[in-house]
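The following note is offered to a colleague examining the structure shown here. Its points are numbered for ease of reply.

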Amino acid sequence: MSEIRICGYRPLSGEINVQGSKNGVLPMLAASLLQRGTMRFTNVPIIQDVACMVGILESVGCRCWFGRNVLSVDASGILGTEIPKADVKKMRSSILVMGALLGRMGKAGAWYPGGCSIGSRPVDLHLLAFSGLGACVKEEDGRIEAWGRMEGGRILFPFPSVGATENALLASVMAAGETEICGAAKEPEVIGLCSLLRQMGALIEGDGTDRIRIKGGRELHETEYAVPGDRIAAGTYLTAVTAAGGDAVLWGAPWESMETVIRSLRGCGADIEPIIGVGGTVAGAHIRMEGRPKPARIRTGPYPEFPTDLQSPMLSVLSLAEGESVLTETVFEARFKTAGELVKMGADISVSGNQAMIRGRERLSGTRVRAWDLRGGAALVAAGLAASGETVIEDCIHIERGYEDICRDFQFLGGDICWSA
Ligand code: EPZ
């Protein structure tokens, strides 16, 4: 398994380009199945999860080809409706292909998805959406099948699930009639998917609110789309500079979708400002940080609350804060595994239920730690860059799923970090 080696305790300074959004591009690639031409995506992150999604699209008959961060998908000849079990187990968002196949082909087969070990991660809300659109759904021995002619309907989510909202959108745009999704997720990735679907010819209103309305049944067409910057990758780099100190520019950081994260890190003492580009648009973020972070009380939640995906990186920041902090996780029930790894580095963290109490320490010490999941691994990179001595992170395969090259990016910021083994 790949490892990352870091010699920390030096401020980070320099400039990096923020990659395209992993959680934005994955549902967009699934949406390619809803048209019979060729989609062209730019600013696509070159990460394991994109490679996995490309493999799934090719297994049902798409032709895909990659240029430099440009990915084209020819979906003119869809043959299959079965998502390979190996792919599904590797990546949870493979379940998004079900909604698109249901919309295009009227049937789809998959398996209970894998994903990060951050909780049980059921798919009941995805299946509720398919049933709400008139599909028959069968679950047996871990396998899921859905079939039927999609008809507009009313879908009521008890929790604003990002993936289930995206699956409901993918299945309903082809459904005859009107669909209303109540209790919809408001994440920027949902808004991005709706923006792409509208550009393909779909009639969708209300994205960004908890009530999305779709007028389905229209023929969708090919288009070209630029994947937005990854707000979680950008947030990861901001937490690392807040923990280690320094002065960095993140070109392409999606400022408008990072309000809560920026407010929280400013509260910890980071000076973060937008970089205004040509025509007054925000071209990126500039962060400066000196000294130890201030403590904070942070609660994760559905957008626009603090993103659960930055909970672990925030643990690294608060492990060095001048005082006591509290971090409450309300989205996933088992997302504090990284706390135990930070304790190996000298952090003082106690977890009880969905709450972590962090007593900030003046310094963390490098040692051998393990990445339990994607964002937990990124959090350990941030901690290693701030810690004195050498940190070796094992099982970094998780990190490669979501970050193009986290070592490359932090090397651009002057970090003494490299892949090893
Ligand atoms: C998406 O996962 C993201 N993944 C996650 O990012 C992110 O943490 C999550 O949204 C929340 O923002 C992608 O977009 C590929 P959910 P998703 O459905 O869609 C429960 C990362 O690190 N739930 O909003 O799976 C679920 O168990 C990843 O990039 C059900 O109970 O998240 C969880 O407690 C990790 N039944 C909560 O809802 C369902 O059918 C939120 O899950 C679906 C979800």
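Leaving aside its neighbours within four places in sequence, with which residues is Thr81 in contact?

1. The model under discussion is predicted. Once neighbours within four places in sequence are set aside, Thr81 is in contact with Leu101, Met105, Lys107, Ala108 and Gly109.

2. Thr81 is placed in the loop that lies between strand E5 (71-74) and helix H3 (85-90). Thr81 has a relative accessible area of 15% and therefore counts as buried, the cut-off being under 20%.

3. As to the nonpolar interior, the largest core comprises 73 residues. Phe41, Leu169 and Leu197 are the residues with the most contacts inside this core. A second core, separate from it, has 67 residues, including Leu238, Met314, Ile406 and Ile417.

4. Leu169 merits individual inspection. Apart from neighbours within four places in sequence, Leu169 is in contact with Ile181, Val190, Leu193, Cys194, Leu197, Ile204, Ile212 and Ile214.

5. Turning to the ligand, 22 residues are found around it. Those that come nearest are Arg92, Asp124, Ser161, Asp309 and Val331.

6. Three polar contacts may be checked individually. Arg92 places a polar side-chain atom 2.5 Å from an oxygen atom of the ligand. For Val331, a backbone N or O atom lies 2.6 Å from a ligand oxygen atom, while a polar backbone atom of Val162 is 2.9 Å from an oxygen atom of the ligand. On its own the ligand has 820 Å² of accessible area, of which the protein covers 88%.

Methods:
Residues numbered from 1 in each chain as written. Predicted model: local features only at pLDDT ≥ 70, side-chain atom pairs only at ≥ 80, totals over all residues. Heavy atoms only, no water. Core = buried A, V, L, I, M, F, W, Y, C linked by side-chain atoms within 4.5 Å. Buried < 20%, exposed > 50% of the residue type's maximum accessible area, 1.4 Å probe, protein only. Contact = heavy atoms within 4.5 Å. Helix = DSSP H or I, 4+ residues; strand = E, 2+ residues; numbered from the N terminus. Near = heavy atom within 4 Å. Polar contact = N/O pair within 3.5 Å; in protein donor to acceptor, adjacent residues only side chain to side chain. Areas by Shrake-Rupley, 256 points an atom, 1.4 Å probe, with all protein chains shown as cover.
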